[in-house]
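Q: Hey, can you walk me through this structure? I'd like to start with the charged side chains and then get to the sheet.

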Amino acid sequence: MASHTNNDRLDELIDEAIVDAYGEDEQLSGFHVMIEDKLELPFETDVLGVQVTVTGIALLVGTGIVAVCERGRHRQAIGVLDLPLPDPPPAGAEWIEAFRRWAG
């Protein structure tokens, strides 16, 4: 029953993100705004066994919504759908899960 409740919550977030959006580009932009506004940054996570700090969220043409990851002086954009989240996830991570459900 918990997953049904969780899916209902994700559906509510999806509706909130795309409420005034027409077409996929505007819906993607809606998710970008919500993730950028709601996801607590910065946070640390592991990407391919390397600890990185997620410092921002961006919408890149042709790529979609990405997490800006930093380690030392290196920066890399990683699609939020491919971003492994730490356990426990940062506040606002449910917006990434809603985006994942919408994109699926």
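**Salt bridges, then the sheet**

A: Sure, and keep in mind that this is a predicted model. Counting salt bridges here gives four.

Q: What makes side chains pair up like that in general?
A: Side chains with opposite charges can pair when their charged atoms come close.

Q: Okay, which residue does Arg 9 meet in a salt bridge?
A: Arg 9 pairs with Glu 12, at 3.4 Å from N to O.

Q: How many residues apart are those two in the helix?
A: Three, within helix α1, which covers residues 2–18. That puts about one helical turn between Arg 9 and Glu 12.

Q: And are they buried or exposed?
A: In between: Arg 9 is partly exposed, with 41% relative accessible area, and Glu 12 is partly exposed too, at 47%.

Q: What about Asp 11, which residue is its salt-bridge partner?
A: That's Arg 101, and the closest N and O atoms of the pair are 2.7 Å apart.

Q: Where do Asp 11 and Arg 101 lie?
A: Asp 11 is in helix α1, while Arg 101 is in helix α3 (residues 94–103). The salt bridge therefore ties together parts that are 90 residues apart in sequence.

Q: How accessible are those two?
A: Asp 11 has a relative accessibility of 28%, which counts as partly exposed. Arg 101 is also partly exposed, at 36%.

Q: Got another pair for me, say with Glu 70?
A: Yep, the side chain of Glu 70 meets that of Arg 75 in a salt bridge, 3.2 Å from N to O. Glu 70 is partly exposed at 26%, whereas Arg 75 counts as exposed at 59%.

Q: Switching topic: what order do the strands of the sheet come in?
A: The order is β1-β2-β3-β4, in an open sheet of four strands with antiparallel pairing.

Q: Which strands stand at the edges, and why does one side of each lack a neighbour?
A: Those are β1 (43–47) and β4 (74–79). Each has a single partner strand, so one side of each is left without a neighbour in the sheet.

Q: How much are neighbouring strands turned against each other?
A: By 45 degrees on average, ignoring direction.

Q: How many bridges join β1 to β2?
A: Five, with the two strands running antiparallel. For example, Thr 45 has Val 52 in β2 as its bridge partner.

Q: And what's in the turn between them?
A: β1 and β2 form a hairpin with two residues in between. One residue in that turn, Leu 48, has a positive phi of about 55 degrees.

Q: What about β2 and β3, how many bridges do they pair over?
A: Seven, in the antiparallel sense, between β2 (residues 50–60) and β3 (residues 64–71). Ile 57 stands opposite Ala 67 in β3, and Ala 58 has Val 66 in β3 as its bridge partner.

Q: How many residues sit between the strands in that hairpin?
A: Three, and Gly 62 in the hairpin of β2 and β3 takes a positive phi near 85 degrees.

Q: Last one: which helix lies across β2 and β3?
A: Helix α2 (residues 23–38), and this helix runs at about 135 degrees to β2.

Technical notes: Residues are numbered from 1 along each chain as its sequence is written. This is a predicted model: local features need pLDDT of at least 70, side-chain atom pairs count only at pLDDT 80 or more; totals for chains, interfaces and linings use all residues. Side-chain values use heavy atoms; hydrogens and water are left out. Two strands pair if DSSP finds at least two bridges between them. Axes are lines fitted to C-alpha atoms, for helices over the stretch in contact, and angles run from 0 to 180 degrees between N-to-C directions. Contact means heavy atoms within 4.5 Å. Buried means under 20% relative accessible area, exposed over 50%, partly exposed in between (1.4 Å probe, protein chains only).
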